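Biologist: I'm new to this structure and would love a close look at one part of it. Could you take me through the helix α6 and its surroundings, and then show me how other parts are held together?

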Amino acid sequence: MLKKSLLLGSTFMMVAAAPVMAQDQEVDEIFVTATKRTQTLQEVPVAVTVTTADVIEKAQILDIKDLQSVVPTFRVSQLQNSANTSLSIRGFGNGGNNIGIEPAVGVFIDGVYRSRAAAAIGDLPKLERVEVLSGPQSTLFGKNASAGVVSVVTAKPDFETNGYVEAGIGRFNQIYGKGYISGGVAENVAVSLGGGFQNRDGYFTNLAQANDFNDLNRYNLRGQILWTPSDNAEFRLIADRSKLNENCCGTGVIIDGPFAAGQPNVGDIIRSLGANQPSSDNQFSYETYANRNSQNEITDRGVSLEGKFGFGNLDITSITAYRANDSDYVSDSDYNSLEFLENVFQEVGIKTFTQELRVDTSFGDKVDVLLGAYYFDEAIDQDAGIEYGRDTRTYIDLLAGGPATLAGIEDVLGFQRGTFFSDETRVLETFTQDNEAYSLFGSADFHVTDRLTATLGLNYTKDKKQVSIAGDNTDVFGNLDFQGADGVAVISTGIFLNGLDANGDGVIDVPDFFTASGGLIPFSAANLTTALGGGFGPAFQGYASTVIGQSTAVAADPSLNPLAGLFGLQFQPQQLEFPNSVEDGRTNDDELTYTARLAYEVNDNFNVYGSYATGFKSSSWNLTRDTRPFLADAAALQAAGLLPNNYVPSTGRNFGTRFAEPEKAEVFEIGLKARFDWGAFNIAAFDQTIENFQSTIFQGTGFVLSNAGSQSTKGIEFDSTFDPLESLRVTFAGVLLDPVYDEFTGAPGPNGTVVDLSGEKPAGISEVSLSTSATYTHEFGNGMEGFIRGDYQYESDVQIVDNIAGVNRSTNILNGSIGLNLDNGVSFQVWGRNLNNDQSYTSAFPGVVQGATVNGYPSQPRTYGASARYTF
């Protein structure tokens, strides 16, 4: 807290010192639509950070991941493929690897909601600005804005002909080009067309047979038509299409650990089989081993029509949109050259229709009213699966204690040797989700006095989802019930005694079973005589016939079951398909959210506000192969005869969650906004809470979806702009956070365990995040102008994920650029990102069926390049 106070104090000292600086210029006034009305940044009583087109161009912000370098309250984590990114604001956010989890941070481009894939904002021609709204925004933006909103605004077509063409090169053989043209084609019709491409080699060297990882290969095309039939009517039609085909994403090994205590490290096991994996000794070598490309193909397209109509003091806005997104992902997801998981694949199709209608009016100069309705209809189809490779059985044999283990079980249960984990094993799933939602919302500003405004906003949202799951699983081993009949059959033969001297007498024999049973079957002369029968030869057969009852008890108790060590290798149990007679595959949520706010204009320089707002995020379904029925449904499913063989209600084994309950957010916030000739300063203090936070964590063999009881954050965020000289602009922004899990019992822990995280700090949320920049411009005369810019991003040290202790991240990144603009429209720029080559992990996860091994996604290394543009 002392460090936070000092940082905050230094910020205020900068504000206090600023008036002695240059005062003969004025900071540009920025207009925003954060409240769905056009207001200046200083007027709008919301914590919003704006990144202008000028900053995006000079800072070489190419996609939404780069945006976090200038907006410290915003963070993006890259996950296992190009489509999987997780967005957060003020530390709140989710999404990523599970297509069923809608993000808590809503992304809107020109008013159209993007429900899943993060936007490549650098591929949007003629950007005007990007607004990042902090805190729950559900009142005006609907069901999936419980953590905040990213609103991207592009320019409308111009009636005067203008445009640009640009080309650039960069490190790793990067080459890109883009262009834009706009102009009038009739008295009241203007059009624009923009497009571009970007190619780059991968910076992750693959030492096996596939191509290098983390390359870029993408293109985009976007066209607009603007029709203004009268002074009171305007129509804007937008159509776009983008595609990428990339090899992503490379991983490193942070910890090379054993599969289980007392065993060699997994890396040594893999190398003993003639394969390789990256070394934890050189974590940022950007080297990996993969047997095939990690194919990422994404095609995104859409069309929207915005209509605006004015009738006196009544303004009507309608936005109709249809979008489609198809993604195809194939990966070697064991992240080594072992032919273990030959293919992990996912094909997803998303089709989304949205309709928004707003009416904005005023009643004199005392009341402004905004009323609206929003409709959302989305269909998701996903085919996903896993294919085992030729080394799977060999690898599992080593983890199971040797080839005799699986072979012996196959013999006892009557399977042909080699059945378990054969290279013909396939796990296939088909998921569908139909989501229909609507919202009715309104907001009223009451101008109590010329300077005091009271705002009340309401939103009622109804959200319905219908989900289905079907599958085909040929993993025989995963369907064995080692706590039931299959376990009894194996235990009663005594074959588990292979290599087990349980009583430590130096001999592996029948008495070892009595010791291993933990006293359930006492070792006595009578029991031994019974077990041995007529001699040691037929001992196990005689034993099985006399103590089968005790074998049943031993199998049922995981603490006694000698086969319990194999449970972790049953990572692909049979899927219980639904809808079924017990699970209908439906959720039906509704919520009333609201905002109450007071805003006061102290004078022409200072505005203050205080607000309370709530937010809502609907139920999220687990659309992965790790979806499991709720334990509460076990009795009904068992009575209906629906439970697969390896589902154990008595211990909860293979039960889990189908969906996570809705999130409910609230925030108390006070803020100050100040604007002077020499600069501007905004600050907000907040206390924000999310009940039923939807958490998804990977545990080495699957994703666990669950609700945290409550997660809260108290904090301060600020941003400022200063012009100490006429030609120098300095920015300084930051967010100070104190996050905590108020309640999170039953949280996913390491290696499949369950832990209580109540009172703990959530992972991935830095307590201090700062960014600062300085841009110096110089007029050379004859219309020639140059600039030099540098920006710095800092994030304090933080544990990366909840279930991996000791794996932390901190960020110190320096970016820079130099540009020259000539009077003939030609400009040149040289740029660099991560110039200091800062090394950290954007995310981390337990190795896939690799015990204590931990993998991570390293941050992008230093990149640099140059570009030339002609503007007309």
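Modeller: Here is a walk that starts at one helix and moves outward from there. Please keep in mind that this is a predicted model.

Let's begin with α6, which covers residues 403-413. Within this helix, Leu406, Ala407, Gly408, Ile409 and Glu410 are buried. The buried residues of α6 pack against two other helices, α5 (392-399) and α7 (485-491). Right after the helix comes Gly414, whose phi is positive, at about 85°.

A little further along, Arg417 reaches back to the helix: its side chain forms a salt bridge with that of Asp411, at 2.5 Å from N to O. Arg417 is exposed because its relative accessible area is 56%, over the 50% cut-off. Asp411, at 42%, counts as partly exposed. As a general point, side chains of opposite charge can pair when their charged atoms come close.

Now for the nonpolar surroundings. In general, nonpolar side chains tend to be buried together in soluble globular proteins. Here, the largest nonpolar core has 42 residues, and Tyr395, Ile396, Phe421, Phe477 and Leu569 have the most contacts inside it. The elements giving two or more residues to this core are α4 (266-272), β20 (341-363), β21 (367-388), α5, α6, α7 and α11 (548-556). To see the core from one residue, pick Leu569: leaving aside neighbours within four places in sequence, Leu569 is in contact with Phe259, Ile396, Leu399, Ala400, Phe421 and Phe477. There is also a second, separate core of 32 residues, which includes Ala53, Ile56, Ile89 and Val107.

From α4 you can step into the loop that leads to β17 (287-288), where Gln277 is found. Gln277 counts as buried because its relative accessibility is 3%, under the 20% cut-off. Setting aside residues up to four places away in sequence, Gln277 touches several others, among them Val253, Asp256, Tyr335 and Gln850.

One of those contacts, Val253, falls in β16 (252-255). This strand belongs to an open, antiparallel sheet of three strands in the order β16-β39-β38. β16 and β38 (841-846) are the edge strands, each with a single partner, so one side of each has no neighbour in the sheet. Neighbouring strands here are turned by 35° against each other on average, direction ignored. Between β38 and β39 (residues 854-858), the antiparallel pairing runs over five bridges, and Ser843 has Tyr857 in β39 as its bridge partner.

The whole structure holds one disulfide. The bond joins Cys248 and Cys249, with sulfur atoms 1.8 Å apart. The link is right-handed, with 75° about the S-S bond. Both cysteines count as buried, Cys248 at 8% and Cys249 at 5% relative accessibility.

Finally, consider the charged pairs, for which the count comes to 41 salt bridges. Asp463 and Lys143 form one of them, with their closest N and O atoms 2.7 Å apart. This pair links distant parts of the chain, since Asp463 lies in β23 (residues 452-473) and Lys143 in the loop between α3 (138-141) and β9 (148-154), 320 residues apart. Asp463 and Lys143 are both buried, and a network of salt bridges links them with Glu102 and Lys465. Glu429 and Arg625 form another salt bridge, at 3.3 Å. Glu429 is in β22 (residues 426-447) and Arg625 in the loop between β26 (620-621) and α12 (634-639), so this pair ties together parts 196 residues apart in sequence. Glu429 and Arg625 are likewise buried.

Technical notes
Residues are numbered from 1 along each chain as its sequence is written. This is a predicted model: local features need pLDDT of at least 70, side-chain atom pairs count only at pLDDT 80 or more; totals for chains, interfaces and linings use all residues. Side-chain values use heavy atoms; hydrogens and water are left out. A disulfide is a pair of cysteine sulfur atoms within 2.5 Å. Buried means under 20% relative accessible area, exposed over 50%, partly exposed in between (1.4 Å probe, protein chains only). Helices (H or I, at least four residues) and strands (E, at least two) are DSSP runs, numbered from the N terminus. Contact means heavy atoms within 4.5 Å. A nonpolar core is a set of buried Ala, Val, Leu, Ile, Met, Phe, Trp, Tyr and Cys residues joined through side-chain atoms within 4.5 Å. Two strands pair if DSSP finds at least two bridges between them. Axes are lines fitted to C-alpha atoms, for helices over the stretch in contact, and angles run from 0 to 180 degrees between N-to-C directions. A salt bridge is a side-chain nitrogen of Lys or Arg within 4 Å of a carboxyl oxygen of Asp or Glu.
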